[in-house]
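The following paragraphs are intended to be read beside the structure. Please keep both the sequence and the three-dimensional view at hand.

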Amino acid sequence: MARYLEQEHYMYRQALRKFLEAEAIPFYGQWEAEGIIPRSFWDQLGTNGFLCPWLDEKYGGLGADFGYSVILNEELERVGTGLIGVGLHSDIVVPYIAAYGTEEQKQRWLPDCIRGKSITAIAMTEPGAGSDLANISTSAIRDGEYYIVNGEKTFITNGIHSDLIVCAVKTDPKAQPGHKGISLLVIERDTSGFLRGKKLKKMGLHSQDTAELIFTDARVPVANLLGEEGMGFYYLMQQLQQERLIVAIGAIIAAEEMLQMTFDYVKQRKAFGKTISSFQNTQFKIAEMATEIKMGRAFLDALIMEHIEGKDIVTEVSMAKWRLTELAKQVATECLQLHGGYGYMEEYPIARRFRDIQVSSIYAGSNEIMKAIIAKNLGL
Ligand SMILES: Cc1cc2nc3c(=O)[nH]c(=O)nc-3n(C[C@H](O)[C@H](O)[C@H](O)COP(=O)(O)OP(=O)(O)OC[C@H]3O[C@@H](n4cnc5c(N)ncnc54)[C@H](O)[C@@H]3O)c2cc1C
């Protein structure tokens, strides 16, 4: 067990695993086919105390440490990467409201986030700006007690289900450099002028509802501004450490799962009168992957410890994000190969895992952007 985990964490993991075995695993294939996870599952997660366990008890949370968030994200990933939206809600988006919201905003929004009645999303990416966040063009121009929001967001996780969207907007479109004009607005489901675009068809993460969001003279109360005007970019930079850590956690779990299913497969599949596992190539591939995963896990656990201690480890988390997502993609390729033709068949879970893992090197800041951050922080 990792150094940041104690007996209570173990019990939480057991309870969560039992819950997912009953309420998620039997239905996951159906959710993948339907392209969405039902809201009733979110309700159940909330009712059972699995959403935002870290939030303060006064809002209905458990006041739990980050170790519980690690467990939540790990166990969701074991079921399937399509559940990524739950972890995004619990440990990526709601933290913005908790960190930068006023007491009134927290009282208004957080209890329903814990109960699973309010599902959240974060909307940074636009059709014309992904990696280049400072260059977003969605504008929010003040008009009395409202901001008038115009623009489009795309690739938004939980885009269809979301009730509250933490949206990066330009409150000062003329600001130079551009990032100084960015603010964060919480945009609510029934806001006039806010429409959802289509649910996007993706190569993987089929059960995750990824969508476009369209704002046409949308009227958002000034009371929904998170923190201060013009500080949005800094807030995003502060929170991205945790987001990228969570993606790295998902990647290592996905790699472990793929290795385990391949291990089981090669031990029973036969060719030339022997099991596939008896070939030296298979043994070396599995030995290599097991080694890399174990080393990755050790680095990750050290970073989780430092994150819990509140340290600024942006450089190291960027290293973990790019390296561990690349590792998981390599593991997917090797494991699919060891399955032979069956690996290419939908009824074998390695096929879905192979598709789902591809996006991990793209979202939460692409791996190229991670390397740019590392290089800059190393002094280049
Ligand atoms: C399934 C899915 C879910 C997502 N969920 C969300 C979400 O919930 N919220 C949200 O806001 N966004 C979300 N995204 C968007 C995601 O964060 C972006 O796709 C990502 O940041 C890359 O932006 P882009 O797609 O515009 O690619 P681009 O920025 O156009 O990049 C294209 C290529 O150029 C490379 N590149 C760009 N700039 C540089 C540079 N300076 N140096 C070297 N290479 C560079 C990139 O690494 C990439 O390989 C999601 C995306 C997907 C696919």
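Which atom of the ligand lies 2.8 Å from a backbone N or O atom of Met124? In this predicted model, the partner of the Met124 backbone atom is an oxygen atom of the ligand. Two further residues approach the ligand through their backbones. A backbone N or O atom of Ile122 lies 2.8 Å from a nitrogen atom of the ligand, and for Phe155 a backbone N or O atom is likewise found 2.8 Å from a ligand nitrogen atom. The surroundings of the ligand comprise 17 residues, of which Thr125, Ser131, Phe155, Ser366 and Glu368 come nearest. Phe155 thus deserves attention on two counts: it belongs to this nearest group, and its backbone provides one of the contacts just described.

The next topic is the packing of helices. Two packed helices are described by the angle between their axes and by the distance between those axes. Consider helix α5, residues 84-100, and helix α6, residues 103-115: their axes come within 9 Å and cross at roughly 165°. Because an angle over 145 degrees counts as roughly antiparallel, α5 is roughly antiparallel to α6. The crossing of α5 past α6 is left-handed. On the side of α5, the contact is formed by His89, Val94, Ile97, Ala98 and Tyr100, while α6 contributes Gln105, Lys106, Trp109, Leu110 and Cys113. Sorted by class, the residues of this contact are seven nonpolar, two polar and one charged.

A second pair of helices may be read in the manner of the first. The axes of helix α1, residues 7-23, and helix α3, residues 39-47, come within 12 Å and cross at roughly 155°. These two helices are therefore also roughly antiparallel to each other. Here, however, α1 passes α3 in a right-handed crossing. Phe19, Leu20 and Glu23 of α1 meet Phe41, Gln44 and Leu45 of α3. This contact of α1 with α3 divides into four nonpolar residues, one polar and one charged.

Two details of the backbone complete the tour. What kind of peptide bond joins Gln176 and Pro177? The bond is cis, with omega at about -10°. Pro177 is located in the loop between β4 (164-170) and β5 (182-188). The other detail concerns Asp217, whose place is in strand β7, residues 210-221. Its phi is near 50°, a positive value in a residue other than glycine.

Methods
Residues are numbered from 1 along each chain as its sequence is written. This is a predicted model: local features need pLDDT of at least 70, side-chain atom pairs count only at pLDDT 80 or more; totals for chains, interfaces and linings use all residues. Side-chain values use heavy atoms; hydrogens and water are left out. Axes are lines fitted to C-alpha atoms, for helices over the stretch in contact, and angles run from 0 to 180 degrees between N-to-C directions. Helices (H or I, at least four residues) and strands (E, at least two) are DSSP runs, numbered from the N terminus. Angles under 35 degrees count as roughly parallel, over 145 as roughly antiparallel, 65 to 115 as roughly perpendicular and the rest as oblique. A crossing is left-handed if the near helix is turned anticlockwise from the far one by less than a right angle, and right-handed if clockwise. Contact means heavy atoms within 4.5 Å. Ala, Val, Leu, Ile, Met, Phe, Trp, Tyr, Cys and Pro count as nonpolar, Asp, Glu, Lys and Arg as charged, and the others, Gly among them, as polar. A residue is near a molecule or strand if one of its heavy atoms lies within 4 Å of it. A polar contact is a pair of N or O atoms within 3.5 Å; within protein, one must be able to donate a hydrogen and the other to accept it, and residues adjacent in sequence count only if both atoms are side-chain atoms.
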